[in-house]
Structures are given as C-alpha cells and as structure tokens.
There are 2 protein chains.
Amino acid sequence: MQDKLTLMIPGPTPVPETVLLAMSRHPIGHRSAEFQKIVKRTTEQLKWLHQTSGDVLVMSGSGTAAMEAGIINVLSRGDKVLCGDNGKFGERWVKLSKAFGLEVQVIKAEWGQPLDPEAFRAALEADTAKEIRAVILTHSETSTGVINDLQTIAAHVRAHGTALTIADCVTSLGACDVPMDAWGLDVVGSGSQKGYMMPPGLAFVGMSDRAWTAYERSDLPKFYLDLGKYRKAAHADSNPFTPPVNLYFALEAALEMMQQEGLESIVARHARHRAAAQAGMTAMGLPLYAAAGHGSPAITAVAPEGVDAEVLRKAVKERFDILLAGGQDHLKGKVFRIGHLGFVCDRDVLTAVAAIEATLQGLGLHKGTPGAGMAATAAALAG
Amino acid sequence: MQDKLTLMIPGPTPVPETVLLAMSRHPIGHRSAEFQKIVKRTTEQLKWLHQTSGDVLVMSGSGTAAMEAGIINVLSRGDKVLCGDNGKFGERWVKLSKAFGLEVQVIKAEWGQPLDPEAFRAALEADTAKEIRAVILTHSETSTGVINDLQTIAAHVRAHGTALTIADCVTSLGACDVPMDAWGLDVVGSGSQKGYMMPPGLAFVGMSDRAWTAYERSDLPKFYLDLGKYRKAAHADSNPFTPPVNLYFALEAALEMMQQEGLESIVARHARHRAAAQAGMTAMGLPLYAAAGHGSPAITAVAPEGVDAEVLRKAVKERFDILLAGGQDHLKGKVFRIGHLGFVCDRDVLTAVAAIEATLQGLGLHKGTPGAGMAATAAALAG
C-alpha cells in the first residue's frame, strides 16, 4: 500500500517525523553564527554518544567514508595491521586496507561466528617487535547479525602497547554500549542511517589522543578525508568543506531525542528487541544464524530451513508492507535479517514477528503452533 | 526576522519548496527496485545536464570530494599536471594535487583576473615529451566571481593529445553552458548546493572515455572515492555504498524542475542576472572585482571603495534579511559577493540590489543618485 512501507532493515532505518521535518527546513549559510551553534551543540552531543572527551568529527559521506578516514589518518604505507573478518564488512576493511598498501594479517571466523578474542591476544603477544600498528574490526557485523567482543579485543590491543584499535561501530553505536574512552578505543567510525535515527549522508569518526599522535606520523595521501582539517574546523565550530546543512538539522533533532531517552534506556531497548526477535523466531522453529549468545542488538539474522528466505521476505513485504533485509553474497536466499536498530519501539518488533508468523502460516510453512512466535515475543518484551 | 532570511551566497543556494518537501519523505531501502528507478532516472537527467553520453557518478560528499575523486582516479603518483590558480579554489586544487604526490606546474593569474588560455597553450606546446597528464582548473572561481575560458583551454589540452582536462564546474554547471562532450572535457566535478538548487551533500563526477582509459593506469590509492566502483554500481542502477537516499529524492525533484525550465533558459537566466547585478553595482559607483567581461554568471564580487565590505554586508543582513557572501582570505572586508546561482528569479536580483542600495543610502555612503542602481538593474533585467 502506498506510503505504508515500514523499514526493518539495518539501514536506512526508520526516521522520526521530528527528524524528517527538520530536514525540510530551508538551508542556512554554513559559515553563519547560527550554523556554528548547531555544530557546537551536535559536537557536544556526539561526545556524549561516544562516551569520550576526545574529538568526534563529522563528514559528508557514508559509513565506509568514516572507516576509510579512520584508517588512512593514523597509518602509513606498509604498516602492519590485524584485521578481523567474520562477515561482509570485515571483508570490506581487509580490501580497503590492502587498497592503501597496508600489510594485512587477517583473523577470520566463519560467517555467523564471532571473532575469537584469544586469536587477537595471541597475535598481539607474538608481535614482540611491536610491528602491528592497528587492529581493525567490526563491532556489530551487519551481514551476519553477530556482535563481536570489542571490549575484550580492545583490552588485548591496549596490553600490546603500540597498536591502535580501529572499530567499525556503524551498527553498534546507538544500539549498544560503546564507551570509547573506558574501553580504550582509538578510532570509532559510524554513519547516520543507523542508531542515529537519521537518513544516510553523515559519517562520524571518533579519535582518541593516541589516534592523533599516530596522525602526526601517517603518510597516506589524503585531502577530503584529512581528519586534521576537520579537527581544526571543529574546534572553531565549523567544517573544512561545505557540510550537508540539512542533515545537520536532522542530526541536532535526532541527538536531542536520544539524549531525552538516555543512553541506558536506548541500550536496554535494543537488548530487549534482540531478545524478543530471537524468542519469536526460535518459537516458530526458525533457526538463528548468529551463534547462540552472540546476536547483535541491532539485527537478527534468521536462516530458515526448507524455505527460500527470499520468498518469505518478499511475501512479508507484499502482504504486510514490512521490508526485511535479505542475505548478502553467499547467504542470498538462505538468510533474512530483521533490523531492530534506531527508531524502533516494542510495537515494531511485535509487528515484524507477527507478520513473519502470519506469512509462514499463510504459506503453510509454520513448523510450530500458530501464534507461538507472537507469544514468545510478547513474553520477551515483557521482560 | 525569524524564517525570513534569503540566501544570496554562492552555496548553499536557495532551495525550492518542492525539493525541500521531497527531502522530508521517509527513506526507502537503497537496494529496492523503487530506489533503483530513482538512480536510473537521475543518471539520465545528469547526463542531460552535463551534455554527455559518458558516465556521471553520484557520491555522498562535498564538491571537494568530487574534485578529489576526479583527480585521484585518473592520475598516478609523480604525474605531472598543470594547475590553473586564480583564486581560493584554484589554490585548493594545487594543494590537493600536491597532497597526492603529483608534480604540479602552476599557471597563475591575479585574483580578479581570468586565467590566460595562451599560458596553457604555451605550456602544453612546450611539453613535446608529452609528460603533462592533466590540466586542472576551476571554471567559475567562486572566490573572485571570475569565469575562466574553459572551452578554449580545453581545446588546447585536446591539441596536446595526451593530457586530460579536469574541471571544477561546481559553480558553473547549471549556471552556464558546460557541454562536456562538445568541449572535450574529461572530468567534471560538481556539488548539489549550487546550480542544482539542492542542499549540500551530493557530489557529482562526469567522466569521459579518455578519463576511463586513464583510470586503468592510475595507481593512487582509493576505495571510498574509487570511481570504478561507482561506475559498476551505476550501470546496475545502484550505488557501491549507502547513498543519501533523501538527497536523491531532492535530486530527482530538482532535476525535473531544471528539465522543465530547459538548459537554454537556465543559461539565459543566469546571464541576465549577471548583467543585472553588474549594472546595478556599477550605477551605484561600486566597482566590480572581476575584470571586465570575465564576471561569472553565478556570482558577482564587488569591491566597494571607502566602505568596509563586511559592514555593508552585515547591515544588509540585519536590515533586509538577505545574506550576501563576504570576501575570503585577504579579500575579507574588501569584497562582498552576490550569489545569483540556482533557484534565483529576477525578483531576487532586483531585491538584492534594492537592499544594497537602500543600505548604502541609509549609511550615507551612496555615491550616485539614489535609485540609480535599481533603475540600471531593472533596465538590464528587461534586456
């Protein structure tokens, strides 16, 4: 039905009306005092979200731009890095690192499994020459719905003493706790169309003091993504290049809403939705794709047996106007994914499970008692 | 007065209500068939705007991102390039080229003067070893309000036979004729907050077949700005990274409006507004900053004598809610700039001149007959 589509994908995520309407304000001059106030205010709010006293910089770009900026600003050609790879985004950072001439040692885990912190500890301890300059990994691996143990891996990196932790927090920030300073994260990349409850178009990079020290020695060529330019401008409540003014209006509105809700509530909400989605799927006999205990609070990947996941996903869209995500690469047709990230309330999760259950029932593919998924979800939401 | 500010700066430029409201639609999935239709449609429209049968690619970024992409995708480390520099943006492309390890030969002109095509011809003819790989220049130099003779310079580049023409058309595209194929331009960079009548956040790069041939040998490291990825995705009506979906809604609406108006009308309108702004300023005894006959159709820079340009500019904003641009770098306080770019009608230019004239009169700084500026502008608008 026209205008009725509900997004339950891991990005773009649903956007509150307040934020949408902020987008439609007429742009103002990006060098005006009025805009500087917005930059100052949102910079403070971003530090709150990242739980850091360091810099959080804003660029016009996607989450990949944020990660590229984070990597090329603290490393030099030929530097050795450890890259975690247990999904499509892990793969991407390996490719990106190689494109910039870094020497990449990959620590892999099967898709659906979490990265093993012990593998990182072992590789870092074996590096007695302290040649490893950075560990690059994805916190919430969107392609598989797995959350990696960033806290433990970052602690191993700190114990190494030289390497930096560069984390893709694109689908974890604003969905789970990412205390940048407390965990000792050095570079945190994210994008606006996720936990921020905004449309895509803004990229964010948090930088620790250690990251800025590394910036001074970095020799990879850069200009548009040179974070030194963004830092200098941000300290004057400005941007080095024309920023997407209307997306800044949206950012201000969205961060205001997030502060009103509070970080603890946001984190609890996403954890509750993970539990509810997992309970509903399990009760319907639909296996979860992520290993038990390692599901992301942002997204639940489901691997139905005896059913083409694409058939199910399309039927849910056609019958109930809910857009679920499909599987990527070799998971296409094998997996569908429920995004419960950002502006998602209990009703949305209940509705998504109900729609999946009704669709299964309609297709004659429900393996349990019709209504069992709903009941389990309702119980999980009640806590 | 609240909500009354009118932008007469060279970006962000005024945005039509139709485009603003398109921005506030709820985002849709960027891998959906519905979004693919928008990518397909806007790609065709962009080719129309660039007057090319080649590719025009869309990225999340600013105009600088477009230019960086254009440069790093067709060149290799150590390549020799000629850079035109007659203002702040010319300076920027020199810095950017050096940041990527290019060997830069600068052809300068004083601020306010156009680049001399003969200087390019001479340098290109002297290069009998055909070492010059590209000529990089700004078509409309926003800092000084000068339009450079891109057509003639590009013809000299074609005569050289090896070098490519990489043009910053950020404030010329959608304001004057930029027939990419007819002039033999190889790379054309632009940004959404200019002639496109949109908020900032989208960057565009037009690429000729020669540019794609150069892409194959380019060795500068790239990933987010790797245009090969954008070309591959565009040919499947898609994007390599999550695109700013809402800015795409705006793009579709804006390009639709531009096609309705027609390229000839758009070009004629900007030329008329240049003539009207120039006539008004001259009639009030305010000298134009750009050399006679070389003013940009997008922006008129004015260098008042015996008046601090910032004082005048601020008074116009406070009294009449019109935002003019100030001078950049050493021109601060010496120059103000009237943007007449994008969604600007005759009334807007008439109003801007009237407000400047009334302000001068109020400050006791009008050097001619009060009303002379208005009369000259009205006459120029009548054609």
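Two strands pair if DSSP finds at least two bridges between them, and strands themselves are DSSP runs (E, at least two residues), just as helices are runs of H or I with at least four residues, both numbered from the N terminus. With that in hand, look at chain A: 4 strands make an open sheet in the order β1-β12-β13-β11, and the pairing is mixed. Since β1 (6–8) and β11 (299–302) of chain A stand at the edges, each has a single partner strand, so one side of each is left without a neighbour in the sheet. On average, neighbouring strands here are turned by 35 degrees against each other, direction ignored; axes are lines fitted to C-alpha atoms, for helices over the stretch in contact, and angles run from 0 to 180 degrees between N-to-C directions.

Before going on, a word on the model. It is a predicted one, in which local features need pLDDT of at least 70 and side-chain atom pairs count only at pLDDT 80 or more, while totals for chains, interfaces and linings use all residues. Residues are numbered from 1 along each chain as its sequence is written, with chains lettered from A and ligands numbered from 1 in the order in which they are written.

Back to the sheet of chain A. Strands β12 (residues 322–326) and β13 (residues 336–339) of chain A pair in the antiparallel sense over 2 bridges, and A:Ala325 has A:Arg337 in β13(A) as its bridge partner. Across β11 and β13 of chain A lies helix α11 (residues 263–283) of chain A, running at about 15 degrees to β11(A).

Now zoom out a bit. The domain assignment (automatic or from a database) splits chain A into domain 1 (17–260) and domain 2 (263–382). Their C-alpha centres lie 28 Å apart. Where they meet, domain 1 of chain A gives 22 residues and domain 2 of chain A gives 20, a contact meaning that the C-beta atoms of two residues, placed from the backbone, lie within 7 Å. The domain 1 side of chain A has 8 nonpolar, 11 polar and 3 charged residues. For these classes, Ala, Val, Leu, Ile, Met, Phe, Trp, Tyr, Cys and Pro count as nonpolar, Asp, Glu, Lys and Arg as charged, and the others, Gly among them, as polar.

Next comes the partner chain. 44 residues of chain A are in contact with 44 residues of chain B. On the chain A side, α1 (17–23), α3 (63–72), α4 (88–99) and α10 (245–261) each supply at least two residues, and α3(A) has the largest share, with 4 residues. By class, that side holds 26 nonpolar, 16 polar and 2 charged residues.

How do the two chains relate? A rotation of 180 degrees with 0.0 Å of shift along its axis superposes chain A on chain B, with an RMSD of 0.0 Å; the fit is by least squares on the C-alpha atoms of residues with pLDDT of at least 70 in both. That is the relation of a two-fold axis. The same surface serves both copies, as 100% of the contact residues of chain A recur in chain B.

Over in chain B, 4 bridges join β11(B) to the antiparallel strand β13 (residues 336–339) of chain B, and B:Thr300 is bridged to B:Ile338 in β13(B). Helix α12 (residues 309–320) of chain B packs on the sheet, touching β12 (322–326) and β13 of chain B.
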